[in-house]
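Please open the structure in your viewer and keep the sequence beside it, since each stop on this tour asks you to select something and then look around it.

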Amino acid sequence: MGREFRNKNAASEKKEESELIEKVVNVGRCAKVVKGGRRFSFSALVVLGDGKGKVGLGYGKAKEVPDAIKKASDRARKVLKPISLKDNTIPHEVMGEADGGIVLLRPASLGTGVIAGGGVRAVLEAVGVKDVLSKSLGSNNDKAMVNATLDALYKLRTSEAISALKSQD
């Protein structure tokens, strides 16, 4: 009986994993010069989301690209966090900063689409935001941009959450 329970649990985990949206933002190559020539290693930056308001970021390094991507997606899966959304957009304008990256996100009307580029677009699509305007104000480094976007998204609050906080005081 215990085995059947584990199999059902494993099946539900597989189903949940298949629903996740995985976006590979960047694959970097690093060369180490050794006696026989160059040895290459790879790093991967992956954003993982369920398209319904949860997102995670993972960074992995390995000798081969697929291994680096797998490591990064496993790490992203472990750190999935919920984001406050309002219908297909974000509840209010917000600015996020990380390292040298600064990202401005604005809610947009229905049908606008995701107006963003690179890492910012990958994060917003993984979260499930359909209509948003964004502007990159700082660095154009992929890791900095993704972290700044996540910082902005974590700052979001719905009007219900804000009113609940005010009523507690």
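The stops below run from the whole chain to its two sheets, and then to the helices that lie against them.

**The whole chain**

Begin with everything displayed as a cartoon, and bear in mind throughout that this is a predicted model. The chain holds 5 helices and 8 strands, and if you trace it along the sequence you will meet them in the pattern α-β-β-β-α-β-β-β-β-α-β-α-α. Colouring by burial would mark 34% of the 169 residues as buried, while the accessible surface amounts to about 10600 Å², with 50% of it belonging to carbon and sulfur atoms. Among contacts between residues at least 6 apart in sequence, 57% join residues at least 24 apart.

**The antiparallel sheet**

Select strands 1 to 4 next, which form an open sheet in the order 1-2-3-4 with antiparallel pairing. Strand 1 (21-34) and strand 4 (81-82) stand at its edges, and because each has a single partner strand, one side of each is left without a neighbour in the sheet.

Start from strand 1 and follow the hairpin of 2 residues that leads into strand 2; these two strands pair in the antiparallel sense over 13 bridges, and V27 with its bridge partner A44 in strand 2 is a convenient place to inspect the pairing. Moving across the sheet, you will find 8 bridges joining strand 2 to strand 3, again antiparallel, with V46 and G58 as one of the bridged pairs. The hairpin between strand 2 and strand 3 has 4 residues between the strands, and G51 in this hairpin takes a positive phi near 75 degrees. At the far step, strand 3 (residues 54-62) and strand 4 run antiparallel and are joined by 2 bridges, where K54 has P82 as its bridge partner.

**A stop at S43**

Is S43 buried or exposed? Select S43 in strand 2 (residues 37-49) and show its surroundings: its relative accessible area is 15%, and because buried means under 20%, S43 counts as buried. The side chain of S43 makes a polar contact with the side chain of Y59, at 3.5 Å. Beyond its neighbours within four places in sequence, S43 is in contact with N26, V27, G28, Y59, G60, K61 and A68.

**The mixed sheet**

Now hide the previous selection and display strands 5 to 8, which form an open sheet in the order 5-6-8-7 with mixed pairing. Strand 5 (94-98) and strand 7 (114-115) stand at the edges, each with a single partner strand, so one side of each is left without a neighbour in the sheet. Strand 5 and strand 6 (residues 101-107) run antiparallel and are joined by 5 bridges, among them the one between A98 and G101 in strand 6.

With this sheet still on display, add helix 3, which packs on the sheet and touches strand 6, strand 7 and strand 8 (132-136), its direction making about 45 degrees with that of strand 6. Add helix 4 as well, which also packs on this sheet but touches strand 5, strand 6 and strand 8, its direction making about 135 degrees with that of strand 5.

**Helix 3**

Keep helix 3 (residues 118-127) selected and bring back the antiparallel sheet, for helix 3 also lies across strand 1, strand 2 and strand 3, running at about 140 degrees to strand 1. How many residues of helix 3 are buried? The count is 7 of the 10, so the helix is largely enclosed by the rest of the structure; the buried residues are G119, V120, A122, V123, L124, A126 and V127. Helix 3 is followed by G128, whose phi is positive, near 110 degrees.

**Helix 4**

Finally, select helix 4 (residues 142-155), whose 14 residues reach 20 Å from the first C-alpha to the last, close to the 20 Å expected at 1.5 Å a residue. Its N-terminal end is capped by N141, a side-chain oxygen of which lies 2.9 Å from the backbone nitrogen of K143. Helix 4 also lies across strand 1, strand 2, strand 3 and strand 4, running at about 155 degrees to strand 3.

The buried residues in helix 4 are A144, M145, V146, A148, T149, L150, A152 and L153. Centre the view on T149 in this helix, which counts as buried at 0% relative accessibility. Leaving aside neighbours within four places in sequence, T149 is in contact with V103, L105, V120, V123 and L124.

How values were computed
Residues are numbered from 1 along each chain as its sequence is written. This is a predicted model: local features need pLDDT of at least 70, side-chain atom pairs count only at pLDDT 80 or more; totals for chains, interfaces and linings use all residues. Side-chain values use heavy atoms; hydrogens and water are left out. The expected span of a helix is 1.5 Å times one less than its number of residues. Buried means under 20% relative accessible area, exposed over 50%, partly exposed in between (1.4 Å probe, protein chains only). A polar contact is a pair of N or O atoms within 3.5 Å; within protein, one must be able to donate a hydrogen and the other to accept it, and residues adjacent in sequence count only if both atoms are side-chain atoms. Contact means heavy atoms within 4.5 Å. Accessible areas come from the Shrake-Rupley method with a 1.4 Å probe; for residues, only the protein chains shown count as cover. Two strands pair if DSSP finds at least two bridges between them. Axes are lines fitted to C-alpha atoms, for helices over the stretch in contact, and angles run from 0 to 180 degrees between N-to-C directions.
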